[in-house]
Amino acid sequence: MQLLLFLILFPLITALFMLFMRTDRERNWIVKLSGLCIGVATVLLLLGYFDKGTLYYSFDAGMAGLVMFLLEIIIAAFILWQGIKYRNYLVIALILVQTALLVWFEAFYAPAAEVEFPLFIDQFSIIMALIIGIIGSLICVYALGYMKEFHEHHKDYADRRNIFFFVMFAFLSAMFGLVFSNSLVWVYFFWEVTTLCSFVLIGYTKTGEATTNAFNALWMNLLGGTAFAVAILYLATQANGMLGLDQILVSGKALILIPAALIGFAGLTKAAQMPFSTWLVGAMVAPTPVSALLHSSTMVKAGVYILVRFAPVYAFTATGYALAFVGGLTFLIASAIAISQSNAKRVLAYSTIANLGLVVACAGIGTYEAIWAAILLIIFHAIAKSLLFLAVGTVEHRIQSRDIEDMNGLIVRMPRLAAMMVIGIAGMFLAPFGMLISKWAAIQAFIDAPFGFVLVIILAFGSAITVFFWAKWMGKLIVITPSAQNLEGSVDKHEWAAIVSLAALTTVTCFIFPIISKVLIEPFLFENYGNIARLSQDNIIIMVMMLFLIIVLPLSILLPHRANRHLPPYTGGIIMTPDMHFTNALGQKTGMKLGNYYLNAWFGEARLLTVGIYTCGVFIAVMFVTALAWGVIV
Amino acid sequence: MISLVYAAAFILLAPVVGGLLAGIDRKITAHMQGRVGPSILQPFYDVGKLFEKDKAVVNDTQRFYILSYFIFAIFTGALFFAGGDLLLVIFALTLAEVFLVLGAYAANSPYSHVGAERELIQVMAYEPMVILSAVGMYLVTRSFNVSEIAGFPQLVVIFLPGIFLGFLYTLTIKLRKSPFDISTSHHAHQEIVKGVTTEFSGPNLGFIEVTHWYETVFLLGFVFLFFAANWILGIIAVIIVFLLELYIDNTNARVKWQLAMKSTWVITLIAATVNLAVLAYFVVV
């Protein structure tokens, strides 16, 4: 249990230190050392607990509960102050309602609702802890270099890096707390802390756009938080104060389908599912490490984490299917919107929303096969997506643009960074890399579920769309432009270390995922579902063969071969200079540019977003109606 | 249940069969157009000549992409004929396809660039139908393994008429036949010259041709799978499908990519949804 408490408290202590660090030197050392400590501690956690099953920890948590309550009041006061300062009445209303619910709970029900085991750990928690600890720390290290450059590029923003790193580490602490909490009240507390952290980080630059988007994120997550608070009150009043995950998840659907639907709703807001997807896209105004953190190891992962935890409740209920359809449709629509985006960070954002949609769909189906796919998706997505964000961030500082069109021929201009980006993109959609394996698992899971064939159809279309937008981005990167110079220069060593580590992880996890599955995921499934899912031995061998081929084939360039004769590309007889200029019929010099297809008429953001908001809104309504109806009938 | 013998047979024999099919294709096409046409061995002469030609490239990375395309296309077919997992076969096919597209992108050439974009649109158009074909076969036979699907005692096509028709529709795209030869074409009458393959010449183009033979055999194998319970019927079906594709190729003008994609998706949606729904709810296999 010490290790659990260490992981929750140590980042918090680092965070407090960060608040007072003003020089780069001190900050660099402390962040690097803390990152290392957190990473090592999560690995120790893995080694110490992977074969122990589920362990619950009981201790007198009265004091901790009181501290949490006080902190929640402070958080509420801070949000209220921000709401008043920026005259955001929605936020004011939501935080007042939420605090009222909380105080009500504390005053009347909290003593009776003491959870016997506030903390716990199982294999799923370990997986989440590894993601948070390793990827989160790498992102913090990356941020050292990035934020320095960021403030050199943007002299007009106040340098509040001490606040920035404070919140980054507090975020990690809250995430550890969230995945180790058995008490729903504790989960709720950490949930609210992540909401607050994301609000502060999104609004970091304090520009008008950043503030607007931060408030957009805030009200959506507060809405989810309010639903969460209602769920806790419901459990406290209707379920004899049963607030431990261990009790809730085995207590039968009749009692907890309504709170599960409410918590599912909270999960949907946090995981940025439609109609709440806009906050995550808006969060792109924040510095890149923030995006990387929100998208890969924290925040949105908290949303899907809680959904996966509650998956046994959703399984085989109409509520669960409605939830699955929210996820499935979000996957399809967000992928389609990604086609129309040329801003790299927006493509990444929509792809995150889409992949989380797939996790949500799996959680809604809630069978052991679906949960196997969901956990694989969480792991692989976290690694590949953080890699892509960090690479895009570093490239952005060099080419002063995050537009994919401006990344034309990046392999010539910045070969190493482009190679890392190609690995990340391959990790997102190509066999035999992680995300593809997970999608494959999802197909198998959906097929065996009742009504699953509709989700399979959605997945088939969505996955074809995914191929399109990733492949065209990859194509842009690997164009060989003869006139370009190598501009890579020296990448900051912190940034480089994080990027290379993540690229290595992307590849290595593909090799070792059968081990991850066997050691962590399968025991978790067996304990919770009495059944396990896995890939067959044959398929694993074939995947490994493919991986080897992919790694070996680039070496073919080194093979001895006859020298090639080099010719310019075919241009229908026009003489074109290497930088793509030619003399037109009027004798003027004309430039030519090759651009990707964005198919705006079909996949335009405005149009599809409206469709997504309404259809997913309807399914969320169905989710609540069916949960209520179930409650009435049973 | 991986059978290495079948995989090896595919690797060795598919180029021969695929090349002959290409030759027969040209002969029949010529007759349909009132010409005599070349010998059915002509494709072999052509490819042989390509390999003797000068190695002219736009840049050196093209060789890597084409080699990868070639190897993964063979991998796809070998895995299929070895009786491997059908979904994995489809993913390997996509991987091969992406390498071809990357090769076209890498050349930084206007025609091959447009070809690459169109090729990706084609992938986006046909992939749902191909995945859903595998899903349909799973619902009938309860297995994704080609060996087990092939060993299913009843004709799979009886349960999957809609999916079979949908698959035939996408087959035209995969075989690069009119009206869907929008990213590249066998005939030199393309508005984007040779599209994806514009910048490949000599041995590289030879590899693309041979890869296409491999792909043709693999795709006809996929058609055969619908009829695998009765191999005589299967072979007849494959021949009819092949002739049908030639007929469609010669009687249709190329369409725009918009129509190609929209029609493929609509047909996929209707054929697959209806067929899968009926399978899921009404047919107990």
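Student: How many residues of domain 1 of chain A are in contact with residues of domain 2 of chain A?

Tutor: In this predicted model, 49 residues of domain 1 of chain A are in contact with 61 residues of domain 2 of chain A. A pair counts as being in contact because its C-beta atoms, placed from the backbone, lie within 7 Å.

Student: Which elements of chain A each supply at least two residues of the domain 1 side, and which gives the most?

Tutor: On the side of domain 1 that touches domain 2, α5 (123-153), α10 (253-270), α11 (278-282), α12 (288-297) and α13 (300-314) of chain A each supply at least two residues. α5(A) gives the most, with 13 residues. By class, this side of domain 1 of chain A has 33 nonpolar, twelve polar and four charged residues.

Student: Where does the division between the two domains fall?

Tutor: Domain 1 of chain A covers 1-314, while domain 2 of chain A is made up of 315-481 + 497-555 + 603-634. Their C-alpha centres lie 23 Å apart.

Student: Let's turn to helix pairs. What makes α6(A) roughly antiparallel to α7(A)?

Tutor: Helix α6 (residues 161-180) and helix α7 (residues 184-202) of chain A pack at an angle of about 155°, with their axes 9 Å apart. That value is over 145 degrees, so α6(A) counts as roughly antiparallel to α7(A). Their crossing is left-handed.

Student: Which residues make this contact?

Tutor: From α6(A) come A:Val167, A:Ala170, A:Phe171, A:Ala174, A:Met175, A:Gly177 and A:Leu178. From α7(A) come A:Trp186, A:Val187, A:Phe190, A:Trp191, A:Val193, A:Thr194, A:Cys197, A:Val200 and A:Leu201. By class, the contact has 14 nonpolar, two polar and no charged residues.

Student: Why does A:Gly177 count as polar in that contact?

Tutor: A:Gly177 of α6(A) is one of the contact residues, and it counts as polar because the class rule puts Gly among the polar residues.

Student: How do you know that α13(A) is roughly parallel to α15(A)?

Tutor: The axes of α13(A) and helix α15 (residues 344-365) of chain A come within 8 Å and cross at roughly 20°. An angle under 35 degrees counts as roughly parallel, so α13(A) is roughly parallel to α15(A). α13(A) passes α15(A) in a right-handed crossing.

Student: Which residues of the two helices meet?

Tutor: A:Val300, A:Val304, A:Leu307, A:Val308, A:Ala311 and A:Tyr314 in α13(A) meet A:Thr352, A:Leu356, A:Val359, A:Val360, A:Ala363 and A:Gly364 in α15(A). They divide into ten nonpolar, two polar and no charged residues.

Student: And why is α13(A) called roughly antiparallel to α16(A)?

Tutor: With α16(A), the axis of α13(A) comes within 11 Å and crosses at roughly 165°. That angle is over 145 degrees, and α13(A) and α16(A) are therefore roughly antiparallel to each other. The crossing of this pair is left-handed.

Student: Which residues meet there?

Tutor: A:Lys301, A:Val304, A:Val308 and A:Ala311 in α13(A) meet A:Ile371, A:Ala374, A:Ile375, A:Ile378 and A:Ala382 in α16(A). The contact has eight nonpolar, no polar and one charged residues. A:Lys301 of α13(A) is in that contact, and it counts as charged because Lys belongs to the charged class.

Student: Now the two chains. How many residues of chain A are in contact with chain B?

Tutor: There, 44 residues of chain A are in contact with 52 residues of chain B. α19 (434-448), α20 (452-478), α22 (537-552) and β3 (565-566) of chain A each supply at least two residues of the chain A side. α20(A) gives the most, with 14 residues. The chain A side divides into 32 nonpolar, eight polar and four charged residues.

Student: What makes β3(A) and strand β1 of chain B a pair?

Tutor: β3(A) and β1 (residues 56-57) of chain B are joined over two bridges in the parallel sense. At least two bridges are needed, so these strands pair. Here A:Arg565 stands opposite B:Ala56 in β1(B).

Student: Last one: where are the cis peptide bonds in A:Pro275 and B:Pro179 placed?

Tutor: A:Pro275 is joined to A:Met274 by a cis peptide bond, with omega about 5°, and its place is in the loop between α10 and α11 of chain A. In chain B, a cis peptide bond joins B:Ser178 and B:Pro179, again with omega about 5°. B:Pro179 lies in the loop between α8 (161-174) and α9 (202-225) of chain B.

Definitions and conventions. Residues numbered from 1 in each chain as written. Chains lettered and ligands numbered in written order. Predicted model: local features only at pLDDT ≥ 70, side-chain atom pairs only at ≥ 80, totals over all residues. Axes fitted to C-alpha atoms, helices over the stretch in contact; angles between N-to-C directions. Helix = DSSP H or I, 4+ residues; strand = E, 2+ residues; numbered from the N terminus. Parallel < 35°, antiparallel > 145°, perpendicular 65-115°, else oblique. Left-handed = near helix turned anticlockwise from the far one by under 90°. Domains from an automatic or database assignment.
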